[in-house]
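Welcome, and please load the model in your viewer. We will begin at one side-chain pair and work outward from there.

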Amino acid sequence: VMETFSPVRVRQTRLVPGSGGAGRQRGGLAVERDYEILSETALVSCQRQQAHDETAPWGAEGGAPGGKALGVINPGTDREQMLPARFRHHTIHRGDVMRMRSAGGGGYGDPAERAAEALARDVAEGYV
């Protein structure tokens with residue numbers, strides 16, 4: 001639906017391994033999506049769920065924090081540009097790729113109390 005009504009192409013959507021905080025209960029993984037801009041220019045604004053770039057979702061009862069959200073234009077290229085947590089009216093151009101990543105969830109409880117079989121499953125399924 002997004003591609004039908006907006007001048008963008010979704011190039012990838014994926015879960016981000018290692019973005020869920022460690023804990024007796026592991027935090028949920030972040031979701032990352034790359035958008036390719038198809039119009040000559042686009043004006044974008046964003047407000048991610050964290051107020052500042054250095055803020056990460058905290059863990060609870062001894063759990064580790066989750067991974068930080070991020071935004072970047074043209075990731076992995078010589079034109080890479082990191083985006084702040086909040087911005088308005090940023091111009092991007094045809095062919096630019098905008099990567100947006102949600103924050104991962106913070107873990108709950110002491111990570112040392114996570115069952116060995118649960119940790120093995122986390123590794124086998126690519127969560128960490």
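Start by selecting Arg114 and Asp122: their side chains make a polar contact at 2.9 Å. Keep in mind as you look that this is a predicted model.

**Stop 1: around Arg114**

Keep Arg114 selected and colour the backbone by secondary structure. Arg114 sits in the loop that runs between strand S7 (97–101) and helix H2 (116–124). Is Arg114 buried or exposed? Its relative accessible area is 17%, and because the cut-off for buried is under 20%, Arg114 counts as buried. Now show its surroundings. Setting aside neighbours within four places in sequence, Arg114 is in contact with Gly23, Arg24, Gln25 and Arg26, and also with Leu119 and Asp122.

**Stop 2: Ala22**

Next, select Ala22, in the loop between strand S1 (8–16) and strand S2 (30–37). With a relative accessibility of 27%, Ala22 is classed as partly exposed. Which residues does Ala22 touch, not counting those up to four places away in sequence? They are Gly63, Ala64, Gly107, Gly109 and Pro111. For a ruler exercise, draw a distance from the C-alpha of Ala22 to the C-alpha of Arg101: the two are 19 Å apart in space and 79 residues apart in sequence.

**Stop 3: strand S4 and its partners**

Arg101 leads us on to strand S4, since Arg101 in S7 is the bridge partner of Leu70. Select S4, residues 70–73, and look at which way its residues point. Leu70 and Val72 point one way, Gly71 and Ile73 point the other way, and all are buried.

Now bring in the strands that pair with S4. S4 and S7 run antiparallel and are joined by four bridges. S4 also pairs with strand S5 (residues 81–83), again in the antiparallel sense, over three bridges. To find one of these, pick Ile73, whose bridge partner in S5 is Gln81.

**Stop 4: zoom out**

Finally, show the whole chain. How many helices and strands are there? The chain has two helices and seven strands, and in sequence order they read α-β-β-β-β-β-β-β-α. Along the principal axes, the C-alpha atoms fill a box of roughly 55 × 30 × 30 Å. Of the 128 residues, 36% count as buried.

If you build a contact map, take the contacts with a separation of 6 or more: 72% of them are between residues 24 or more positions apart. Switch on the surface to see about 7,600 Å² of accessible area, 52% of which belongs to carbon and sulfur atoms. Last, colour by charge: the mean positions of the 16 positive and 16 negative charges are 3 Å apart.

Notes. Residues are numbered from 1 along each chain as its sequence is written. This is a predicted model: local features need pLDDT of at least 70, side-chain atom pairs count only at pLDDT 80 or more; totals for chains, interfaces and linings use all residues. Side-chain values use heavy atoms; hydrogens and water are left out. Buried means under 20% relative accessible area, exposed over 50%, partly exposed in between (1.4 Å probe, protein chains only). Contact means heavy atoms within 4.5 Å. A polar contact is a pair of N or O atoms within 3.5 Å; within protein, one must be able to donate a hydrogen and the other to accept it, and residues adjacent in sequence count only if both atoms are side-chain atoms. Two strands pair if DSSP finds at least two bridges between them. Accessible areas come from the Shrake-Rupley method with a 1.4 Å probe; for residues, only the protein chains shown count as cover. Lys and Arg count as positive and Asp and Glu as negative; His and the chain ends are not counted. The place of a charge is taken as NZ of Lys, CZ of Arg, CG of Asp or CD of Glu.
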